[in-house]
Each structure stands twice: as structure tokens, then as C-alpha cells.
Amino acid sequence: MKLFSFWRSLATYRVRIALNLKGLVPDEIVDVNLMKGAQREAAYRAVNPMMALPALIDGDGPILFESLAIIEYLDETDPNPPLLPRDARGRARVRGLAQIVACDSHPLIVPRVREYLEHKFKLDRIKWCQHWQTAALTALEAHLKDTATGRYCHGDAITLADICLASQAAGAKFFSVDTAPFSNFTRIANSLSTIDAFARAHPLKQPGAPGN
């Protein structure tokens with residue numbers, strides 16, 4: 001198993017959490033330095049033409065890409081512990097919460113978007129990122145008031161939604177967004193941060209991160 005990664009990549013953070021929860025250790029981790037533009041080099045474009053992280057190669061199978069697709073692949077091939085509820089309604093809710101982060105919010109703040117807005121339109125990319133971070137936090141908090149929420153996003157078992165919530169919490173810190181007003185979000189994020197699988201996967205604990 002080969003994981004293409006970068007310490008600051010929030011999408012790769014999600015995949016690292018899932019790998020840790022499943023007890024899976026990649027045989028090789030390939031560093032793709034987003035800050036130096038390595039994702040745009042020919043070698044990585046051959047891996048992922050979208051020039052985004054993460055990517056995963058498992059055995060001699062095809063290259064896997066997009067964090068949610070990779071996580072669901074890991075869940076299907078190594079089903080314990082399960083990351084989706086057994087009931088259809090529960091799975092839909094968990095996927096919906098996850099997609100608020102991975103599909104609605106995060107794509108708007110990735111390096112290629114931030115750089116384009118700054119260089120092409122001279123926009124303040126920090127304010128841009130803070131706006132979309134706050135929008136996602138507001139939506140998540142509203143959904144987390146539902147009675148389906150328990151100790152974690154959905155009931156008392158960790159799911160795909162919690163993995164995405166953790167990445168949203170890390171992104172909020174990167175862009176200095178205060179999560180305190182979002183009480184359910186903050187409660188769950190704080191609880192997840194004490195779990196080894198989440199703590200070890202955190203961006204700031206990875207090789208190349210500041211202080212490491």
C-alpha cells in the first residue's frame with residue numbers, strides 16, 4: 001500500500017485517520033509538497049490528473065483518489081470497525097455530514113483555489129477561507145442538534161462524519177476561525193482529539209510539519 005501525502009493536506013488527514021482506525025499501515029508514504037507545487041509536476045500528475053491529494057495505491061489495483069472514496073474503499077475491504085451505520089437512513093445522514101466538509105467547504109479553500117483568487121483577482125484569501133469555514137461550521141452545528149447525534153456525530157460510534165469533522169476542526173485552526181460558538185461541533189472535536197487514531201493522524205504530528 002502506497003499513500004501520497006503531505007502534512008498539511010486536510011483530505012489526507014482524513015485518510016490517515018481511517019487507516020489508523022483500521023490498524024492499517026502503508027508500506028510507503030510519498031511526500032507531495034503542496035507548498036512547493038509538487039502536485040503539478042509530471043510525476044504526480046500521472047498519479048492524479050486533478051493534481052490533488054491524497055492518492056492511494058493498494059497492491060496492483062488502480063490508483064484510488066478523493067478522500068471519501070478512499071475511506072469507503074478501506075471500509076469495504078477492511079470492515080472493522082465500520083465507519084458507516086448499518087441502516088440506510090443513518091448512512092445517508094453520515095455521508096451528508098461528511099460531504100458538507102469534504103464536498104461543500106474544503107474544496108473552496110484548497111491551495112489551488114486560494115492561489116488563483118489571490119493572484120488573479122487580488123482577493124484576501126484568509127478572509128475567503130474564514131468565510132467558507134464558518135459557513136460549514138454553521139451548517140454542521142445545525143445538523144448536530146438533531147437527536148441522532150450522540151457522543152459523536154451519529155450516535156456513540158465513530159463514523160465517516162467524525163473523520164470529516166476532525167479535518168474541519170484542524171482547518172479552522174489553520175485559518176484562525178473560532179469554533180467555540182459551535183458547541184456541539186466543539187464538544188465532538190475535543191472528544192475526537194483525545195483518541196489515538198485521530199491524534200497520530202493530525203497534520204501537525206506529521207513529518208515536515210512545523211516543529212517536527
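Met-51 has its place in the loop between helix 2 and strand 3, and it makes a good starting point for these exercises on a predicted model.

**Exercise 1. Look at the backbone around Met-51: what is the phi of Met-51, and is its sign positive or negative?**

Solution. Step one is to read the angle: phi of Met-51 is near 60 degrees. Step two is the sign, which is positive, in a residue other than glycine. Step three is accessibility: Met-51 has 24%, and partly exposed covers the range between 20% and 50%, so Met-51 counts as partly exposed. Now stay in this loop between helix 2 and strand 3 (55-57), where Pro-54 also lies. The peptide bond from Leu-53 to Pro-54 is cis, with omega near 0 degrees.

**Exercise 2. Is the peptide bond from Asn-80 to Pro-81 cis or trans, and where is Pro-81 found?**

Solution. Begin with omega, which is near -10 degrees for the bond from Asn-80 to Pro-81; this bond is cis. Then place the residue: Pro-81 is in the loop that runs between helix 3 (67-77) and helix 4 (88-105).

**Exercise 3. Describe how helix 6 and helix 8 pack: what is the angle, and how far apart are the axes?**

Solution. Start with a general idea: two packed helices are described by the angle between their axes and the distance between the axes. Here, helix 6 (residues 125-144) meets helix 8 (residues 183-193) at about 90 degrees, and their axes are 8 Å apart. Angles from 65 to 115 degrees count as roughly perpendicular, so helix 6 is roughly perpendicular to helix 8. Next, find the residues that touch. Helix 6 contributes Leu-137, Leu-140, Glu-141 and Leu-144, while helix 8 brings Ser-183, Asn-184, Phe-185 and Ile-188. Sorted by type, the residues of this contact give 5 nonpolar, 2 polar and 1 charged. Finally, look at burial in helix 8: among its buried residues are Asn-184, Phe-185 and Ile-188. The buried residues of helix 8 pack against helix 6, helix 7 (160-174) and helix 9 (196-201).

**Exercise 4. How many aromatic pairs does a search of the whole structure find? Work through two of them.**

Solution. The search finds 5 aromatic pairs. Take Phe-4 and Tyr-44: their ring centres are 5.8 Å apart and the planes meet at 55 degrees, so the pair is tilted. This pair links distant parts of the chain, with Phe-4 in strand 1 (residues 2-5) and Tyr-44 in helix 2 (residues 42-45), 40 residues apart. Phe-4 and Tyr-44 are both buried.

Now turn to Trp-128 and Trp-132, an edge-to-face pair with 5.9 Å from centre to centre and 65 degrees between the planes. Both lie in helix 6, 4 residues apart, or about one turn of the helix. As a general point, an α-helix has 3.6 residues a turn, so residues three or four places apart point the same way. Trp-128 is partly exposed, with a relative accessible area of 26%, and Trp-132 counts as partly exposed at 28%.

**Exercise 5. Which rings does the charged end of Arg-8 sit over?**

Solution. One is the ring of Phe-174, with the charged end 4.4 Å from its centre. Another is the ring of Phe-175, at 5.9 Å from the centre. Follow Phe-174 a little further, and you find that Phe-6, Trp-7 and Phe-174 form one aromatic cluster.

How values were computed
Residues are numbered from 1 along each chain as its sequence is written. This is a predicted model: local features need pLDDT of at least 70, side-chain atom pairs count only at pLDDT 80 or more; totals for chains, interfaces and linings use all residues. Side-chain values use heavy atoms; hydrogens and water are left out. Axes are lines fitted to C-alpha atoms, for helices over the stretch in contact, and angles run from 0 to 180 degrees between N-to-C directions. Helices (H or I, at least four residues) and strands (E, at least two) are DSSP runs, numbered from the N terminus. Angles under 35 degrees count as roughly parallel, over 145 as roughly antiparallel, 65 to 115 as roughly perpendicular and the rest as oblique. Contact means heavy atoms within 4.5 Å. Ala, Val, Leu, Ile, Met, Phe, Trp, Tyr, Cys and Pro count as nonpolar, Asp, Glu, Lys and Arg as charged, and the others, Gly among them, as polar. Rings of Phe, Tyr and Trp (its six-membered ring) pair if their centres lie within 6.5 Å; planes under 30 degrees apart count as stacked, over 60 as edge-to-face and the rest as tilted. Buried means under 20% relative accessible area, exposed over 50%, partly exposed in between (1.4 Å probe, protein chains only). A charge sits over a ring if NZ of Lys or CZ of Arg is within 6 Å of the ring centre and within 35 degrees of the ring normal.
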